[in-house]
Amino acid sequence: MKRKSTFALFALILSVLMTQAQVGDHNTNERSIFILNAEFRNRTEISPSFDSTGNARFILVPEGTKSGITIWQRSRITLNYMNKRIETKISIQDVRPFGQNDKTWLSNNGQAVSVHEAWAKFFLIRNQHREFAVKMGRQEISNPDGRLIWYKNWNNYGAAHDALMIECHNMKRKAEWQLGFSLNSFNGYGFAQLPKYRQMAYFNFTKKFGSFLTFHITDFFTTQERPTGLNAVYGKNSVGFNPIFNLGKLTLNSSFYYQHGSIPGISGSQNVAAYIYSVNAWYKLRSVKFGVGHES
């Protein structure tokens with residue numbers, strides 16, 4: 001009964017969106033687009049050796065210790081609808097290893113099937129010179145080089161955030177900025193496992209200088225709460241820049257980020273003061289791309 005209700009809901013959404021798209025195409029000059037995508041991804045993982053407790057060990061172990069091989073599958077169905085004033089996206093995914101077909105196997109906080117994305121973007125201003133939009137719902141968030149926050153597509157489940165995003169694009173000045181805010185529930189226990197962030201603020205500014213240089217500035221702030229439930233809140237902030245130089249077949253990409261603040265610790269707070277930088281060079285020779293880089 002539950003599956004029938006779910007399929008009926010999908011059919012209703014599909015019919016409404018297709019009807020809206022047809023109305024937009026026939027009655028106005030604004031073009032409406034409806035897109036349906038499907039993804040089927042399989043990945044084989046060879047796990048490290050396991051100790052007697054079944055926990056993975058990332059060190060050399062005696063001969064004869066068992067290892068594990070798992071084949072994961074991720075299936076996603078994505079619905080997109082867009083016109084001049086609105087853009088929406090709904091993404092449903094099923095993630096589980098091969099062989100786990102019974103209903104007793106659960107994942108992703110108790111569900112093998114989950115909503116990966118569900119958001120709507122409303123364009124308050126949209127013309128040939130600029131765009132100003134508000135985006136609300138569960139969505140993927142990533143700064144340009146993915147160093148501070150990313151949608152983690154390498155992960156079987158990926159990452160999405162319940163967030164409010166404000167986006168502005170100035171086509172004439174070739175500049176854009178994003179401002180986002182998200183809340184997350186407390187999820188942690190003991191001192192060994194830290195909770196997820198409670199609040200998150202994200203800002204990114206991008207400026208293009210012709211086709212030669214693209215310059216990104218990103219600031220990322222999160223707060224955390226101690227797992228002991230003492231209502232002590234700690235925050236850390238990361239700020240940095242990411243210039244990209246396009247020299248024809250040669251592309252130079254670098255970044256520098258500095259992080260400061262505090263995080264929950266065993267006996268209180270732990271101060272954070274760290275940095276990361278990277279320098280990369282890419283050269284494209286016909287259909288082959290060669291690269292060299294350094295990170296620290």
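Me: Which residues form a nonpolar patch on the surface?
Reply: Good place to start! Keep in mind that this is a predicted model. The patch is formed by Ile217, Val239, Phe241, Phe256, Tyr258 and Tyr275, and together they have about 520 Å² of accessible area. Strands β10 (233-247) and β11 (250-264) are the elements that give two or more residues to this patch.

Me: Could we look at one member of the patch? Where does Tyr258 lie, and why does it count as partly exposed?
Reply: Tyr258 lies in strand β11. Its relative accessibility is 35%, and that is why Tyr258 counts as partly exposed. The partly exposed range runs between the 20% cut-off for buried and the 50% cut-off for exposed.

Me: Let me step back to the whole chain. How many helices and strands does the protein chain have?
Reply: The count comes to one helix and 13 strands. Read from the N terminus, the order of elements is α-β-β-β-β-β-β-β-β-β-β-β-β-β.

Me: What share of the residues is buried, and what share of the accessible surface belongs to carbon and sulfur atoms?
Reply: Of the 296 residues in the protein chain, 31% are buried. The accessible surface is about 19000 Å², and carbon and sulfur atoms account for 58% of that area.

Me: How do I read contacts between parts of the chain that are far apart in sequence?
Reply: Take the contacts between residues at least 6 apart in sequence, then ask which of them join residues at least 24 apart: here the share is 47%.

Me: Now the interior. Which residues make up the largest nonpolar core?
Reply: First the general idea: in soluble globular proteins, nonpolar side chains tend to be buried together. In this model the largest nonpolar core has 10 residues, namely Ile141, Leu148, Ile149, Ala163, Met165, Tyr197, Met200, Tyr202, Phe220 and Tyr257. Strands β6 and β8 (199-209) each supply at least two of the core residues.

Me: What does Tyr202 touch, beyond residues up to four places away in sequence?
Reply: Its contacts include the core residues Ile141, Ile149, Met165 and Phe220. Tyr202 also touches Ser142, Asn143, Pro144, Gln178, Leu179, Gly180, Thr218 and Asp219.

Me: Asn143 is in that list. Where is Asn143 found, and is it buried or exposed?
Reply: Asn143 is found in the loop between β5 (130-139) and β6 (161-170). With a relative accessibility of 1%, Asn143 counts as buried, because the cut-off is under 20%. A polar atom of its side chain lies 3.4 Å from the backbone nitrogen of Arg147. Setting aside residues up to four places away, Asn143 touches Leu148, Ile149, Tyr202, Thr218 and Tyr257.

Me: What polar partners does the side chain of Ser182 have?
Reply: Let's place the residue first: Ser182 is in strand β7 (residues 175-183), and at 1% relative accessibility Ser182 counts as buried. The Ser182 side chain reaches the backbone oxygen of Asp162 at 2.8 Å. A polar contact of 3.1 Å also joins the side chain of Ser182 to that of Tyr197. Outside its neighbours within four places in sequence, Ser182 is in contact with His161, Asp162, Ala163, Tyr197, Arg198, Gln199 and Met200.

Me: How many salt bridges does a search of the whole structure find?
Reply: Here is the general idea: side chains of opposite charge can pair when their charged atoms come close. The search finds eight salt bridges. One of them joins the side chains of Glu39 and Arg74, at 2.9 Å from N to O. This pair links distant parts of the chain, with Glu39 in strand β1 (residues 33-47) and Arg74 in strand β2 (residues 68-82), 35 residues apart. Glu39 is partly exposed at 27% relative accessibility, whereas Arg74 is buried at 1%.

Me: Which residue forms a salt bridge with Lys89?
Reply: The partner is Glu117, and the closest N and O atoms are 2.9 Å apart. Lys89 in strand β3 (residues 86-97) and Glu117 in strand β4 (residues 113-126) are 28 residues apart, so described as linking distant parts of the chain. Both Lys89 and Glu117 are buried.Me: What about Arg126 and Glu131: how do their side chains meet?
Reply: They meet in a salt bridge of 3.4 Å, N to O. Arg126 is partly exposed, with a relative accessible area of 28%, while Glu131 counts as buried at 17% relative accessibility.

Note on methods
Residues numbered from 1 in each chain as written. Predicted model: local features only at pLDDT ≥ 70, side-chain atom pairs only at ≥ 80, totals over all residues. Heavy atoms only, no water. Patch = residues over 30% accessible without salt bridge, like charges linked within 9 Å, V, L, I, M, F, W, Y side chains within 5 Å. Areas by Shrake-Rupley, 256 points an atom, 1.4 Å probe, with all protein chains shown as cover. Salt bridge = Lys/Arg side-chain N within 4 Å of Asp/Glu carboxyl O. Helix = DSSP H or I, 4+ residues; strand = E, 2+ residues; numbered from the N terminus. Buried < 20%, exposed > 50% of the residue type's maximum accessible area, 1.4 Å probe, protein only. Polar contact = N/O pair within 3.5 Å; in protein donor to acceptor, adjacent residues only side chain to side chain. Contact = heavy atoms within 4.5 Å. Core = buried A, V, L, I, M, F, W, Y, C linked by side-chain atoms within 4.5 Å.
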